[in-house]
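Here are some notes on the pockets, the ligand site and one aromatic contact, to be read beside the structure.

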Amino acid sequence: MKVSEHIQLTKRSVSLLFSLSRAKITCLLLGSFTGAVMPYVPVWFSARLLDCLYEGREAGTLALYVLLTVGLVFLLSLARAYLDARCRMASTEMYRNENWKYSEKAMQMAYESIEDPEVAHLRDRIQRETQVGYNIYRLFHSLEGIVGHVTRIGISLWLTAPFFLLKTISAPARAAFAAGLALTVLCKIITTRKVEELNNQYYSGCVHLNMLGSKFHAYLDDYHSGKDIRIYGMSEGLTAYSAALRRETFGMYRKKNRRQAEVQIANVAMSRILQFGLYVLLFSAALKGGVSVGSIARYVSCVLLLLEACSGLAASLQTALVNQEYMKRYFSYFDIQNHMYQGSLTVEKRDDNDYHVEFRDVSFRYPHTREYALRHVNLKFKAGEKLAVVGANGSGKTTFIKLMCRLYDPTEGEILLNGVNIRKYDYDEYLSIFSVVFQDFWLFSFTLGENVAGAGVNRAEKYDGRRVERCLEQAGLGKRLDTLERGLDTFLYKDCDDGGVEISGGEAQKIALARALYKDAPFMILDEPTAALDPVSEYEVFRKFNEIAGDKTAVYISHRLASCRFCDKIAVFDEGRVVQTGSHEELLAQEGGRYHELWHAQAQYYG
Ligand code: ADP
């Protein structure tokens, strides 16, 4: 990393720390300064006391020095304790802000990045590194160390400066003293670098193992996976795999600790030898005369404190330096740009819902893939039309919807709404015209009413209960709603409320459908909306589909052709291409066509 990059990164990191919690960083630095000053109070006053005793001063002066020492140390300790307590309190604010940064970033990111496995991996990795004390937490400690050690070095030098100017000590002795000091610090820098390098190697080496380990733990702990684990007797295998991962990580950990201990032993031995030499030098020089007893005591203590502070500063700087790599990775996640073109056109709110959508020669490839998921798709459908999208699994149906909702932009070609490229519309406005029930829809551990109202999850904002009930009824959940004692206030799942209800896959799908109805958007898109429904419920959805969709433009995706017969127009997807379009009758009449082939193939299984 270049020096300019280090400087930029440091500036950015420090301003991040202040933005996360000004109180925490202020208290931390002040606390560090106070803690650094504290040991010098007894050192200075003890030296004065010794000199007073030696000079035979009266008891009153001695008592004053004792009182001043005790009083000052007491006041500094109080200040330190207060700052520590404030710092601990501010930590909560800082943790919350730091955590929130991830959520905020996720909300701002393009969906494309959210779905990108590389982004997920990066996020996982930096969160893990933060948990083990790197990134901003290490920066906190490094800064705390730097402030404390610099303060100590300053005071030590100030108090020992007269020693370097003593005429009674020879110039070679003073030079030897300075050289010894420099050598001790150098020794500390080299060993700290080695220790940090070993840490770095270890953490980089086991990031992947840790990620796998926590996934396995999540499987073992999560009740959602509990059924399959029991039925398929997977617990033994999972436990063994977890244990193997742990063993491997632990082996690496032991190796790292052994190497670090060797380095530390060498460091301690070297430092102590040098310190001893310095000590001897100082004493012999001082004993030659011209230095008071108190000053000898002060020089000795200050030199030791100076050595400690120099080593500590070297360690803190080294740690901060190593942490720069982690900070760089940390910021790289928050720097992920939303490259989607942000248009500003408003979507015309039409009472007649007269919207028409056109896919014009659209091809699409997912990021980091070579295969096209959609190729040269040309499709037009207009207001009020019921379009069915059919095709085998993997033929591109869901991708088609993701593009239509602008979760991704086409790699080639364009999508038009009322003749205007959808990129030109304001993104939120554009999304507001769609209600989608995705195959992998998500319900939240909130109340049933909040789940259906979607946008009304903000508890201060009350949703329209009547409308929610009507939508649930239309989606086929009316009877189940009647059985719920707390009605719309019943929590889904038990994560947030012990009285929450567990719902079946079919019920969940109906709630998701009700949510789409509640949004009342001009476009309604249903991706395999009956996959989890029993035949009676499925029949109900088909029967009422026209009533449910009303005059909305509806896109209905299914790999079951029978479910699509009631649509005005059917688009048949095959390997990312639209191979046929037409009504059910028209398509069935085209013998040798994909629809004809799929229809007859499915007739065998679905009757
Ligand atoms: P369908 O809905 O018809 O089952 P999809 O649209 O989900 O098909 O998938 C079309 C193709 O795109 C498949 O080959 C699938 O593997 C691939 N695909 C789907 N989602 C992603 C993704 N997030 N990243 C990479 N490839 C994907």
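**Notes on pockets, ligand and ring contacts**

1. I begin with the smaller of the two pockets discussed here, bearing in mind that this is a predicted model. The second largest pocket is lined by 13 residues, and those nearest its centre are H224, F441, W442, L443 and Y493. Its volume comes to about 330 Å³, and its lining is made up of eight nonpolar, three polar and two charged residues.

2. The largest pocket has a volume of about 1,600 Å³. Of the 40 residues that line this pocket, Y111, L407, L431, F438 and F444 are the closest to its centre. Sorted by class, the lining of the largest pocket holds 25 nonpolar residues, together with seven polar and eight charged ones.

3. Which elements supply at least two residues each to the lining of the largest pocket? Among them are the helices α4 (59-108), α5 (111-115), α12 (397-404) and α17 (505-519), and the strand β6 (434-437) also belongs to this group. The helices α13 (427-431) and α14 (448-453) each supply at least two residues as well.

4. Turning to the ligand, the residues around it include E115, Y366, T369, A373 and A392, as well as the run N393, G394, S395, G396, K397, T398 and T399. By class, this shell divides into three nonpolar, seven polar and two charged residues, and its largest share, three residues, comes from α12.

5. Three polar contacts deserve a look at the level of atoms. A polar backbone atom of G394 is 2.8 Å from an oxygen atom of the ligand, and a backbone N or O atom of G396 lies 3.1 Å from a ligand oxygen atom. For K397 the contact is made through the side chain, where a polar atom lies 3.0 Å from an oxygen atom of the ligand. Taken alone, the ligand exposes 560 Å², and the protein buries 62% of that area.

6. A search of the whole structure finds 23 aromatic pairs. One of them joins Y111 and Y408, whose ring centres are 6.0 Å apart and whose planes stand at 90°, so this pair is edge-to-face. Because Y111 lies in helix α5 and Y408 in the loop between α12 and β4 (412-417), the pair ties together parts that are 297 residues apart in sequence. Y111 also appears in point 2, as one of the residues closest to the centre of the largest pocket.

Note on methods: Residues are numbered from 1 along each chain as its sequence is written. This is a predicted model: local features need pLDDT of at least 70, side-chain atom pairs count only at pLDDT 80 or more; totals for chains, interfaces and linings use all residues. Side-chain values use heavy atoms; hydrogens and water are left out. On a 1 Å grid over the protein atoms alone, a cavity is a set of points where a 1.4 Å probe fits but cannot get out, and a pocket is an open set with protein on both sides within 12 Å along at least five of seven lines; lining residues have an atom within 4 Å of a point. Grid points are joined across faces, edges and corners, and a volume is the space filled by probe spheres set on the points. Helices (H or I, at least four residues) and strands (E, at least two) are DSSP runs, numbered from the N terminus. Ala, Val, Leu, Ile, Met, Phe, Trp, Tyr, Cys and Pro count as nonpolar, Asp, Glu, Lys and Arg as charged, and the others, Gly among them, as polar. A residue is near a molecule or strand if one of its heavy atoms lies within 4 Å of it. A polar contact is a pair of N or O atoms within 3.5 Å; within protein, one must be able to donate a hydrogen and the other to accept it, and residues adjacent in sequence count only if both atoms are side-chain atoms. Accessible areas come from the Shrake-Rupley method with a 1.4 Å probe; for residues, only the protein chains shown count as cover. Rings of Phe, Tyr and Trp (its six-membered ring) pair if their centres lie within 6.5 Å; planes under 30 degrees apart count as stacked, over 60 as edge-to-face and the rest as tilted.
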